[in-house]
Structure formats: structure tokens, C-alpha cells
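Student: I've just opened this one and don't know my way around yet. Could you walk me through it?

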Amino acid sequence: MTCAGIGMIAAFGLSTSIASAQQSVEVLHWWTAGGEAKALQVLKKDLEDQGVSWNDMPVAGGGGEQAMTVLRARVTSGNAPTAVQMLGFDIKDWAGEGVLGNLDDLASKEGWEEVVPDALKEFSKYDGHWIAAPVNVHSTNWVWANKAIFDELGLKQPTNWDELIAALDKIKDAGYTAVAHGGQAWQDATIFDAVVMATGGPEFYQASMIDTDPDALGSDTMKTVFDRMAQLRTYVDDNFSGRDWNLATAMVINKEAGVQFMGDWAKGEFLNAGKVPDTDFMCFRFPGTQDAVTFNSDQFVMFQVGEDRQDAQMKLASAVMSPSFQSAFNVVKGSVPARTDVPNDDFDACGKKGMAELAAANEKGTLFGSMAHGHSVPAGVKNAMYDVITAHFNGEYDSAAAVEELVNAVESAQ
């Protein structure tokens, strides 16, 4: 979900003459919500400190679909931004068009190969060449809960599906909205990702969401996934359609709803509202996915630019990858660093938990790119899945029909 900006902070130690040179960068991104906008200020401030003006090009929409539409129009007209926030297979698609810059020399000089997890390098590199600087790792299989509601109802953190449903029943019976949700395709798919992992485990997630094995997609396990999605639908309020994700987060913050199933960018909204982890809100893995992490990674993708702008491009990439910046930025954003060697000292309880669980999943081989967030399958396949998932969630298919539609949709999109 990464603001990409070009010409960002010079790497620490740049000469005053370079740092003070007036430069201007244009940045296409979709960080417009409160917590995200606050994180973006870290980037802007670093640029301003180096005498670089920031031409903001925000495109609202949490999943980034609108931003990619705007980018396509800009590139087609021969007027691409200098840098773009980008995710997953979108990076590969643009790299395949031969329009991105090359960061190999900088990456080699600064040792990126040793500190970036292989699962991220799958998107940071193309044909063996570094094309993007990963600024963070967002994990997507989180639950965000209002602690006051949990305390009031005597609820504990659920660890499996049955415990989750029992907790949601109590929250609903107490008069609260049990699940805060925004009815947008990418949000529906975010929940679906977690339910797939919780229902079938890591091997099933690999087979269905990454390998798109027809047997897995058409299995009884997948029918159970859709059954569970239909069950979760009964805990969502009637006004969910079209709601932005941060407005759903606000429902949990304001004690209107018990939980939200959302990536860890939601934490930024809690922090922006002055809330404290483990005091005002709870963060934990979607029940049944405790040993796995589904992720997306915001990356700063550099487009090919003229020689007069290449210095700024390298400044941005170097600064994004500095441990001090990765710490400062991700503390605000709610994500965790893309580098594995960044200390967790400045992170809150949820951040420390996220860093530890990411490291454990990386070691166990249970770190998986999120389908919902463009890190498991190409955009065409992802969008085909979106259509079926959302249609089912809105009652257009029963679970058996949804399984059949999913198999057909993926086959047609490949």
C-alpha cells in the first residue's frame, strides 16, 4: 500500500553543497488517511531538510487501484512521475515494460542483498537487477480490537475459529457492531486471505492463492472458506458498502465496533487518535494464522529519468534503505522495517510483535505474499478473484457456486 518520492534525503554524509542543491520531485502515492499522511510527513521533512521541494500527487484509495490508473495515463502521455508508491506484481508489470531505473550500483555499495528478505526481493528486483527500494513490510492477517469492549464483555483474545465466532456473538449481542468493515473489493479480499490461511493452513494458502492449483481452488476446503466468509458477513453493519478502510478503523477506535480485520496500517489510525496498544486497543493475528504472515511491501519504484535527476533518485533510494529512516518511518506508519537488521527499540508493543512474528515466519518459510494486496498473483488473476469474493460476500452466490466461479475466473484470467 508506499509513497514513492524521488530526490529524498541525501544519504547521511552527503556534502553540504549537494544537500543544499535545489531539486524538485513529483511523488505519486495513495497515502491520504490520517496515520498514513502523518507517516508521509517523515518523507517530506527529510526532503525539505535537503532543500528538495516535494510536489505531491496523492490519489485516494487504500488498495492503490486508482493510483495505478492515474499512473498509466501519465506514462501513456509521456509524462511519468519521477517516483511512484507501488506494490507487488504492479512493480513486475512496469519493470517488464522497460521503463524503470536501475539501482544495482547503490544496492551493491550499501549491501542490500544481505538485509532484505528473499520474499521482498521477489519484487524489489527484476531479471536480477534492483529496481525498487522497499520501505516497509505490512502484514495483513491482523485483528484490531477495542480493548474496552473486550474488557466489558470479559472477552479474551480468540485463538481459533470457534473462539472468534463466540467472541463476535457476544459483541453483537451487547449492541455493538461486531466487525467493522468497508465494502470494497480489496477489503473483502483482505479478510478472505486470512480465512484461507486459517482454514487450510500455509500449504493450502500456497496451493490456492499463489500456485492457483485448480484442485485447491475447487476443493471442499475452499467451500469451507466461503462458508466462513458468509458467516462473517452476518457480523457487519448494514452501512458497510463503499466505506473506506480508515472509517471502519474509526468505528473500533470510537467504541462503535469490536474488531476490524485489516493490515497493520490500521495501527497508524489508532496512534494518530492518541490510542495506546494493550491499553486502548489490542492487536493479534487472525485466529488460526498465528504461525504465518501474509504481507505486502510498499516500495519506492524509480522510473527512468534524465541525468539531471539521477542524483536525486539515488538520494531517495539510499535514504529509504538507511536503518535510521526505516525505524523512524515505520514507527509512525504502523508497519515494520524492510531490513532485517533494524533494532526494535523505538517500536510499540504491536510493532515489536510484528517484527518478531515476521522474523519467525521468514525463518519457518511461512511468509507469504498477500493475494489481496497484489503479492501472490498477477493483477488479472487477483481482480478475477476479487470479483468472485465480493459477489459472494454480497450474497450473489452461495458457497458452492462461489467455488465453481472461482475456479473458472482464475482459469480465464491466466
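Tutor: Sure! One term before we start: contact means heavy atoms within 4.5 Å. Keep in mind too that this is a predicted model.

Student: Okay, which helices do the buried residues of α18 pack against?

Tutor: Start with α18 itself, which covers residues 379-393. Its buried residues include Val 381, Met 385 and Phe 393. Going by contacts, they pack against α3, α10 (185-210), α11 (214-217), α12 (220-233) and α19 (399-413).

Student: And how many of the residues of α18 are buried?

Tutor: Buried here means under 20% relative accessible area. α18 is largely enclosed by the rest of the structure, because the buried count out of its 15 residues is 11.

Student: What span does α18 reach from its first C-alpha to its last?

Tutor: With 15 residues at 1.5 Å a residue, 21 Å is expected. The model comes close to that, at 20 Å.

Student: Now the sheet. Which strands stand at its edges?

Tutor: The open sheet has 5 strands with mixed pairing, in the order β2-β1-β3-β13-β6. An edge strand has a single partner, so one side of it is left without a neighbour in the sheet. That fits β2 (52-58) and β6 (132-134).

Student: Which residue in β13 does Ala 83 stand opposite?

Tutor: β3 (residues 83-86) and β13 (residues 299-302) run antiparallel, joined by 4 bridges. Opposite Ala 83 you'll find Met 302.

Student: What angle does the direction of helix α15 make with that of β13?

Tutor: α15 (residues 307-320) packs on the sheet, touching β1, β3, β6 and β13. Its direction and that of β13 make an angle of about 165 degrees.

Terms used:
Residues numbered from 1 in each chain as written. Predicted model: local features only at pLDDT ≥ 70, side-chain atom pairs only at ≥ 80, totals over all residues. Heavy atoms only, no water. Pairing = 2+ DSSP bridges. Helix = DSSP H or I, 4+ residues; strand = E, 2+ residues; numbered from the N terminus. Axes fitted to C-alpha atoms, helices over the stretch in contact; angles between N-to-C directions. Expected span 1.5 Å × (residues − 1). Buried < 20%, exposed > 50% of the residue type's maximum accessible area, 1.4 Å probe, protein only.
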